[in-house]
Amino acid sequence: MSINFGYSILRDESIDFDRNDKRIADYLMEHEPSVNLCIGCGSCTATCSTGHFADFNIRRVHTFIRRGETKKIKKELQKCMFCGKCQLVCPRGVNLRNVILTLNRAIEHLG
Amino acid sequence: MINFNLFVLPFFLGLIYMMLAIGKSWYRWIKALPAIDKVRFMTGIRHPGQLLSALREVVMEGLLHRRMWKRSPLLGYMHMSFALGWFLLIVFGNIESRFYSGTHLNAPYYPIFLKFFIHDKLVIFFEVFSVPGFFRFLMDFLLLFVLSGLALALIKRQKSRWFGMKRTTEFQLTDFVSLVCLWLIFPMRLLAESFTAGYYGSGGGFLTQPIGDFLVWILPLPDDAMAYSLWWGYSLVLGIFFITLPYSRYMHIPTEVLLIFFRHFGIQPRKWYSSFSDVEVQACSRCGVCIDVCQMNDAGIHDSQAVYFIRGVREKYVPEEISRKCLVCGRCQEVCPVGISADSLRLIKRRELVSGQASDFSFLPSGYPAIGQVEVVYFAGCMSHLTPSIIRAMKGIMQHAGVSFYHLDEDRSVCCGRPLMIAGKDRQAHDLIECNKQMIRNSRAKILVTSCPICYRVFREEYNLPIRIQHHTQFILDLVKTGKIPLQEHFNKVTYHDPCDLGRGSRVYEAPRELISKIANLIPSGQEANNAMCCGGSLGIFEASQDQRNTMTAGALDILLKNKPDILATACPLCKKTLEKQSPVVVKDIAELVYEAIPKPVYCSVSGRSHPVKSSAGELTSV
């Protein structure tokens, strides 16, 4: 039964948490729990070496993973240069290089 | 056959089995060498110089255990007594047996059980001066030598601290069986020879004869059954030791010899798991010397030290996180008595783990800016962007010296590639390396100067650049030596912290120290040069939390600040950034110190106008 509220949801803009794939997020939480310390300040993204050249936003990647929108991050993660500046500026001590490495692994194993 | 008894069989068969097993392994390793290394090996064994230098090291390390002595004299003596003592027992045992048999062709077991076959009734007062007497004395002396080592080994099990080791390796069953057999061999020999000497009333030396006489006195024997069963026991423990040797840690004995030959013939570790890696893995004696120096102990990590990692590789099972749980600082390699390149083994495993992961650096810049003629291309490195004071100091120094330079990574930097490589992604780092290489070549400068030891190392090892590569400490020292920068002693007590990639990684120890000595009173830290600590900020370790890193940094600071310096100097932006978070004293890069120590003009204000005056160095400087 559908009720007409007088407006509808744009399919493209909706995030279906029930359908989205949370396996990669779960894998990350299990193997690098420090990611839970993130306050989303964006310091990592601000200092990122790759970010100076390309559209690469580690904070956005984090959001996508949390939401389970894993398809969007596969290409994104391949841009990381592993320089480690993000980890040094993180005010919460998130082990960011291992976050990326763990995500690479998760994508490799979980697809 | 006269000189044969059934009891020699366990020893004899064990010996044959061991020889075949070792021969098979050696053959397999040499056969599996890559073609170029095989050529090196074949040339090496025909080259008398290389062969002699290799043999010399076999004697120095395999028998005398020189590196163990350096670590701890007690540990060195213990290992030497076993290796050299046993070796000489075999050599002189053989010579002695020839004296009795009159032939050069004795069965291999004959010298080992000589005292069972020969009961020399000769009793001479000054027996040391007769040939058989001399051998009796010598063989007993050597046996005592080995037994003294055995006594130390037993003490070491309980009191490893006396041997300079806080922690020792945890054992496995196969190792334990071998170890017990090894420990039993020499007491068995002593008892068997003593009982025989006691029963026959002669034939023993200064050790075995009195012990034998005493044993027979308290235990009067109707026949030599006791001695006979002890000979059986002696042969059995030898046999079991030989059979278990290829499967226990004692395989390191024959393997280390081959490793020494490989190294002297110019065979080096590869980027993938090669025959050389396998030899290194098997050459690890699991002595555990690497455990104490590992700073991961501070962080409560006790399962990932080089010895455990290598054991995992040997057993073909390394949990993934063990490969990633390592600072790759190289401290363990410096103390390894066998000289195993544990870091390169660890990186090989990491490469295997990430081989399926792709990288995409198509976004990197492809066009290069036009640069005028410059002497120096300066690459600060990613980390230096987080310590802008280092970049500022470097630019100031170069301007002061009148050096024309181009700052390659002024506003954004392409990573040098080493952080990726340390994660095992060598293949993926290739694009970054190529991009930087093109930009560096494009500058047409004669010298590449970098402020980051991580970059410095990878520039040297992977870039194949046609120009000179210098870390900024070396570059500044050259400027000072050519008189382009005047310096004056400016600081009081300064301690220098060696960054891993500059010190152990690139063997640059002297330039930074020389530079500091020119501007300050350089005082030593608790651990210098190749034994220097890692700051804890290493890019090598992936599986360590910030808290664990902090404890490692605290541990490093304890040692660095042992002599209470006013300033802690380093030559790496990452070390600086890591140490200054916790250090109670100021942490500065050498470039900053030098820049501060350049005599600046002093302006004295006379009626609102300033005039440059002579600086304290006595030289008129102007801005």
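How many residues of chain B are in contact with chain A? That's where this set of close-ups of a predicted model begins.

**View 1. Where chain B meets chain A.** Here 25 residues of chain B are in contact with 22 residues of chain A. Sort the chain B side by class and you get 14 nonpolar, 7 polar and 4 charged residues.

**View 2. Helix H3 against helix H12, both in chain B.** Two packed helices are described by the angle between their axes and the distance between the axes. For H3(B), residues 48–63, and H12(B), residues 252–264, the angle is about 140° and the axes are 9 Å apart. The crossing of H3(B) past H12(B) is right-handed. On the H3(B) side, look for Gln50(B), Ser53(B), Ala54(B), Glu57(B), Val58(B), Glu61(B) and Gly62(B). H12(B) answers with Glu256(B), Val257(B), Ile260(B), Phe261(B) and His264(B). Taken together, the residues of this contact split into 5 nonpolar, 4 polar and 3 charged.

**View 3. Domain 2 and domain 4 of chain B.** The domain assignment cuts chain B into domain 1 (65–239), domain 2 (273–354), domain 3 (376–481) and domain 4 (493–597). This view picks out domains 2 and 4 of chain B, whose C-alpha centres lie 24 Å apart. Their contact draws 13 residues from domain 2 of chain B and 18 residues from domain 4 of chain B.

**View 4. The domain 2 side of that contact, up close.** Which helices pitch in at least two residues each on the side of domain 2 of chain B that touches domain 4 of chain B? They're H16 (320–324) and H17 (331–335) of chain B. By class, this side of domain 2 of chain B has 5 nonpolar, 2 polar and 6 charged residues.

Terms used. Residues numbered from 1 in each chain as written. Chains lettered and ligands numbered in written order. Predicted model: local features only at pLDDT ≥ 70, side-chain atom pairs only at ≥ 80, totals over all residues. Contact = placed C-beta atoms within 7 Å. Nonpolar A, V, L, I, M, F, W, Y, C, P; charged D, E, K, R; others polar. Axes fitted to C-alpha atoms, helices over the stretch in contact; angles between N-to-C directions. Helix = DSSP H or I, 4+ residues; strand = E, 2+ residues; numbered from the N terminus. Left-handed = near helix turned anticlockwise from the far one by under 90°. Domains from an automatic or database assignment.
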